[in-house]
Amino acid sequence: FFLLLAAAPAQCASYMVGTWFGHGQPGDTGSMYIDRMRPYGSWRGEYRSCIKGKPQDTVQVGRWSLAGDRLVLQVESVDGLKLPRTDTYRMLTHDAKTQKYVTVPSGFAYTPRRMADGFQMPDCDLIS
């Protein structure tokens, strides 16, 4: 019973579940990312920065929740190293194909679009 209550915030936001692809990170416009939002609140973020056409990849895993317009990513590890932190975002818009949210408090905007669950990170020539 307790596990159902713990999973409720993510479960209620089932429209967030799926694979989301976007471009850009704060201070790094030559980058792209995939957020894999899974049911029951698990999450995997894949990030690629392209430097002189070469990929620099990072993977983060953790938990996600959505309450009102607040999306919270609780990062548990980065590239397999335990590096916990919490990232908070404010959801501005969301539909079946796109999202727009901003980081709190900096306001950096992300605008990912929904992709098929098997979607893989594109090569660097897409953005470099």
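Biologist: How many bridges join β1 to strand β9 (residues 113–115), and what makes these two strands a pair?

Modeller: Three bridges join β1 to β9, and the two strands run antiparallel. Strands pair if DSSP finds at least two bridges between them, so three are enough. Within this pair, F21 stands opposite R113 of β9. A strand here is a DSSP run of E with at least two residues, numbered from the N terminus. The model is a predicted one, in which local features need pLDDT of at least 70 and side-chain atom pairs count only at pLDDT 80 or more, while totals for chains, interfaces and linings use all residues. Residues are numbered from 1 along each chain as its sequence is written, and side-chain values use heavy atoms, leaving out hydrogens and water.

Biologist: How do you know that β1 and β2 pair?

Modeller: Seven bridges link β1 and β2 in the antiparallel sense, and the requirement of at least two is therefore met. One bridge sets G22 against Y33 in β2. The two strands form a hairpin with two residues between them, and G27 in the turn has a positive phi of about 75°.

Biologist: Why is strand β1 called largely enclosed?

Modeller: Seven of the eight residues of β1 (residues 18–25) are buried, so the rest of the structure largely encloses this strand. Buried means under 20% relative accessible area, exposed over 50%, and partly exposed in between (1.4 Å probe, protein chains only).

Biologist: Why does T103 count as buried?

Modeller: The relative accessibility of T103 is 13%, which is under 20%, and T103 therefore counts as buried. T103 lies in strand β7. Beyond residues up to four places away in sequence, T103 touches T88, Y89, F108 and Y110, where contact means heavy atoms within 4.5 Å.

Biologist: What makes an empty space a cavity and not a pocket?

Modeller: On a 1 Å grid over the protein atoms alone, a cavity is a set of points where a 1.4 Å probe fits but cannot get out, whereas a pocket is an open set with protein on both sides within 12 Å along at least five of seven lines; lining residues have an atom within 4 Å of a point. The whole structure has one cavity of 30 Å³ or more. The largest cavity has a volume of about 50 Å³, and among its lining residues are W20, D35 and Y101.

Biologist: What is the volume of the largest pocket, and which residues are closest to its centre?

Modeller: The largest pocket has a volume of about 350 Å³. Of its 23 lining residues, Q25, Y47, R85, Y89 and Y110 are closest to the centre. The largest share of this lining, five residues, comes from β2.

Terms used
Grid points are joined across faces, edges and corners, and a volume is the space filled by probe spheres set on the points. Helices (H or I, at least four residues) and strands (E, at least two) are DSSP runs, numbered from the N terminus.
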